[in-house]
Structure formats: structure tokens, C-alpha cells
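Student: Please take one helix of this structure and look at it closely. Then work outward from that helix to the parts around it, and keep the account connected.

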Amino acid sequence: MKRTFAIFAVAATLAVAGLLASVYAQNVTANKEHGIALRPTATAVSEATVREYSIPSAKGPSCIKHLGLTVSQTRMGQVGGTGALAANPQVNPQPPGGDPAGPANLNSLIQRFLSTFRSSPEKAGAILNENFSASGADLYRWNCQSCHGPDGQGAPPEINSVLGPVQGTSPVLSRRRMEARGLDVDDDVIQQTTELAEASLRDRFQHGGKNMPSFEYLRADEVEALFGYLEKLASVPPTKRDGLRVPESAARVGEHIVRGTCHVCHDATGPGSGHSAMTQGTIPSLASIPRDHSLSGVVHQVQYGSCATMKMTGGDTMPAYPYFTEEEIAAVYLVPYSARP
Ligand code: HEC
Ligand code: HEC
């Protein structure tokens, strides 16, 4: 029920989005020569003050272009699966001990943003930086699922499973395994090997892997919450990281999804989906998307993937991402909108 309502509510605001699109297009034209429109910056959105939003995207070429690959030559960004996000009332519960009047979830923040934008853009901009509480599962969905799948198993041999390396970090599991094999349990060995496994995972987030991009933009508390969820995926006995929640804003959600998912295939800046560009097989840049597409168009493209006509051309197509909610996609889309000077 709630979901149907959300779809309706986002659809009902499309008129607003259409209005924004034309205003925005004018600004882009005006600013083009100065190169200031939609220029991504290195500033973390979460640190930016109100009215100083940057595009929540990584810089430069897409992850796969950086590796010299095309969409059809890799599984990266295409392993997320066809399952929609489970309708789970626990997904965004009120943070324990949190402000009862505070925002419960992203949906309510986006709805408030949309209903405030027309009358008071400045107030609306601030709403995008208000915090709600997100889970390690959310962080995994936004940043990891498109390559490692809903179950963490990836697409071997190209994309290794996360499960083994995460199991390697668990002292409890290591001890059980040694016992099961009839080995003498050596606490020092267990400590050393599990610490090493944990350090190597942390290093992977910080610096990326051979082909895996870096996730240096994850905050320390986000990494802990993500670990908590990875342990769940890997069936590791729960640790103190189990069920950790973190404060996130709509702006930050947009940043996670763009950097963790869209940037796998889309360059940060460059041409949009003009007809000639597309027939040459160019994937439109992230910066061009809010300029060239409506909110509903982007929600549809992300939830359903490339349209039938695009599939018939035989060029690269985009898979569906039904595991992102409309509000999450709206966050991706609206942040650059509200960043207008
Ligand atoms: C763009 C695709 C992509 C994304 C997104 C991605 N990874 Fe990976 N990951 C890879 C690839 C490719 C490998 C295989 C090793 C390599 O090339 O680095 C890998 C390997 C791994 C491994 C296994 C390493 C080993 O020793 O076998 C872990 C653990 C991992 N990723 C965790 C994560 C987590 C957690 C996230 C989300 C924060 C994530 N990855 C996001 C592509 C990705
Ligand atoms: C696996 C690669 C891949 C990923 C990841 C990806 N896209 Fe795409 N996207 C494409 C390709 C290829 C096209 C061009 C074909 C088309 O237009 O359907 C495209 C086109 C688009 C278009 C233009 C559609 C049109 O009608 O012109 C939009 C909007 C878009 N993507 C949004 C996104 C967003 C937002 C994300 C992140 C949630 C994302 N994409 C992630 C591959 C990807």
C-alpha cells in the first residue's frame, strides 16, 4: 500500500520536475562557457554546507572505461539482480532514542523536499542534508550489490565472492573450523590471521582492488555498519557490528548510489543522450542526465533498464535496478537540481 502511495506521490511531483528542468536548462546554457554548470567537485556532499551541493559523483571516466572495457565485455554493474527491495517495515525504523519528531526515513524527506521546493527552494535544499537512519544493508545495496549481487557471491571468475574474505575475519568461525578439522586451536594464530584478513578488507575499501574501484569515500562509521551486514551475508556469528545504523542524508544517498553504482558505466561529465551520440554507442554522462531527462524518465530507466527500442539497436544496454526505491533514485536526481546557483 505504502509503496503504491510513494509511486503516486513522486509521479504527482513531475510537474514540478518539469518546471525545474526548463529553469535548469537555461542556467546550464548560461553557464556553459564558464564551465561551472554541473561540474563535479571532490567535496563530500555530507560536508558541504546548505546551498553548496556538488554533484554527488566521482570524477572522470566510468569505472569500466577506466579499465578499457565496454558494458558487454564485463559483468561489473550488472550483477545486482532482478529482485525488488523487500517491503520491510524494519528498513527505516525510527533510530532508537532518536528525536521522535525527526525524519523517519528517506521517503518522508524526499516528499517534504518536493512539496517545499516550489515555494521555498532554499528551505528545500536544507531538507536534502537532514539525517535519517540507514542500515549496513542499505550501504551494501547502494555501493556493492551491482557487482557482488544480492547474496555477495559476485560473478566469478571476474568478480570474486565477498563471503570467503569476510569469513576470514571471524575469530569464532576460524576457531570452529580448526576444531572441526581436529586441529589444535592456537589463539595467537587465530588472532593474527583474522586481523590480517580484516586489514586486507579495509585496505580494499580504501584503495580498491585489481579491477574493483576504491570506496575511500565511505566514512568510518559507514564501514563498520557495512561490515556488520557483510558478516550477516557471510553467515559469520554476529559481532558488535551486527545491526549498526548510520546517519545519512538524501544528498549522501545520491552520492553513494552515483559513486557506487551509476559511475560503474557512466562517465562523470561529457555528452548526453543526443541522437548522434547514442548511435555511436556513447553512454550519456552523469552530468547530462538531470539536464536531458525528467525525474520520471530517470526513475523508469533505473527501475526497468533500457527501453525496448534501445535493446533492438544491438548497442550497449542498461540493466534494470529494481532494488533501488523511487525515493533513492529521486535523491540521485534531485541533488544536482537543488545545486543550481
Ligand atoms: C564495479 C564493480 C565492483 C563494485 C561496485 C564492488 N566491487 Fe568488490 N570486487 C570487484 C571485483 C572485479 C573483484 C575481484 C578482484 C578485483 O579485481 O579487485 C572484487 C572483489 C571483492 C572482494 C573479494 C576479494 C578477495 O580477496 O577475493 C571483496 C571482499 C569485495 N570485492 C568487497 C566489496 C564491497 C564490500 C563492495 C561495496 C563497498 C564492493 N566490493 C564493490 C568489483 C566490485
Ligand atoms: C552496467 C552499466 C550501467 C550502469 C551501472 C548504469 N547505467 Fe545508465 N545507461 C547505461 C547504458 C549502456 C545506457 C545507454 C543505453 C540506454 O539509453 O538505454 C544508459 C543510459 C542511461 C540513461 C539515458 C536513457 C535515455 O533514454 O537516454 C539514464 C537516465 C541512465 N542511464 C541513468 C542511470 C543511473 C541513474 C544509474 C545509476 C543508478 C545508471 N544509469 C547506471 C548503462 C548503465
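Tutor: The expected span of a helix is 1.5 Å times one less than its number of residues. The model is predicted, and the helix chosen here is α10, residues 187-207. With 21 residues, α10 reaches 30 Å from its first C-alpha to its last, close to the 30 Å expected at 1.5 Å a residue. The helix is hardly covered, as the count of buried residues among its 21 residues is 0. A residue counts as buried if 20 or more other C-beta atoms lie within 10 Å of its own. After α10 comes Gly208, with a positive phi near 80°.

The helix leads to a ligand. α10 is one of the elements that give two or more residues to the shell around ligand 1, and α7 (145-148) is the other. The largest contribution comes from α7, which gives 3 residues. In total, 24 residues surround ligand 1, and the closest are Cys144, Cys147, Gly209, Asn211 and Met212. By class, this shell holds 13 nonpolar, 8 polar and 3 charged residues.

Following α7, the loop between α7 and α8 (163-167) contains Pro157. The peptide bond from Pro156 to Pro157 is cis, with omega near 5°. Most peptide bonds are trans.

Asn211, listed above among the closest residues to ligand 1, also gives a link to a distant part of the sequence. Asn211 and Ile64 are 147 residues apart in sequence but 8.7 Å apart in space, C-alpha to C-alpha. Ile64 belongs to helix α3. Ile64 counts as buried because it has 22 C-beta neighbours inside 10 Å. Apart from neighbours within four places in sequence, the contacts of Ile64 are Leu69, Val71, Thr74, Met76, Val264 and Cys265.

Cys265 brings in the second ligand. Ligand 2 has 26 residues around it, of which Gly77, Cys262, Cys265, Ser306 and Met318 come nearest. The shell around ligand 2 is made up of 15 nonpolar, 10 polar and 1 charged residues. Helix α15 (residues 295-304) supplies the largest share of it, with 3 residues.

Both α3 and α15 also appear in the largest nonpolar core. This core has 58 residues, and Phe113 and Ala250 touch the most other members. At least two residues each are supplied by α3 (63-66), α4 (106-117), β1 (131-135), α6 (136-143), α11 (220-233), α12 (250-260), α15 and α17 (326-338). Phe113 is in contact with Ala250 and also with Ala124, Ile127, Leu128 and Leu334, leaving aside neighbours within four places in sequence.

Phe113 is one of the buried residues of α4, together with Leu106, Asn107, Leu109, Ile110, Leu114 and Phe117. Seen down the axis of α4, these buried residues fall within an arc of 165°, so they line one face of the helix. α4 has 12 residues and spans 16 Å between its first and last C-alpha, close to the 16 Å expected at 1.5 Å a residue. For α10, by contrast, the count of buried residues is 0.

One more region follows from the core list, the loop between α11 and β2 (245-249), which contains Leu244. Leu244 is partly exposed because 18 other C-beta atoms lie within 10 Å. Its contacts, leaving aside neighbours within four places in sequence, are Gly136, Glu224, Ala225 and Gly228. Leu244 and Ala137 are separated by 107 residues in sequence and by 9.8 Å in space, C-alpha to C-alpha. Ser235 is found in the loop between α11 and β2 as well. Ser235 is exposed, with 11 other C-beta atoms within 10 Å. Its phi is positive, about 55°, although Ser235 is not a glycine. Most residues other than glycine have a negative phi.

Finally, the whole protein gives the setting for α10. There are 17 helices and 2 strands in the protein. Buried residues make up 36% of its 341 residues. Of the contacts between residues at least 6 apart in sequence, 67% join residues at least 24 apart.

Methods. Residues numbered from 1 in each chain as written. Chains lettered and ligands numbered in written order. Predicted model: local features only at pLDDT ≥ 70, side-chain atom pairs only at ≥ 80, totals over all residues. Near = placed C-beta within 6 Å. Helix = DSSP H or I, 4+ residues; strand = E, 2+ residues; numbered from the N terminus. Nonpolar A, V, L, I, M, F, W, Y, C, P; charged D, E, K, R; others polar. Buried ≥ 20, exposed ≤ 12 C-beta atoms within 10 Å, placed from the backbone. Contact = placed C-beta atoms within 7 Å. Core = buried A, V, L, I, M, F, W, Y, C linked by C-beta atoms within 7 Å. Arc of directions from axis to C-beta.
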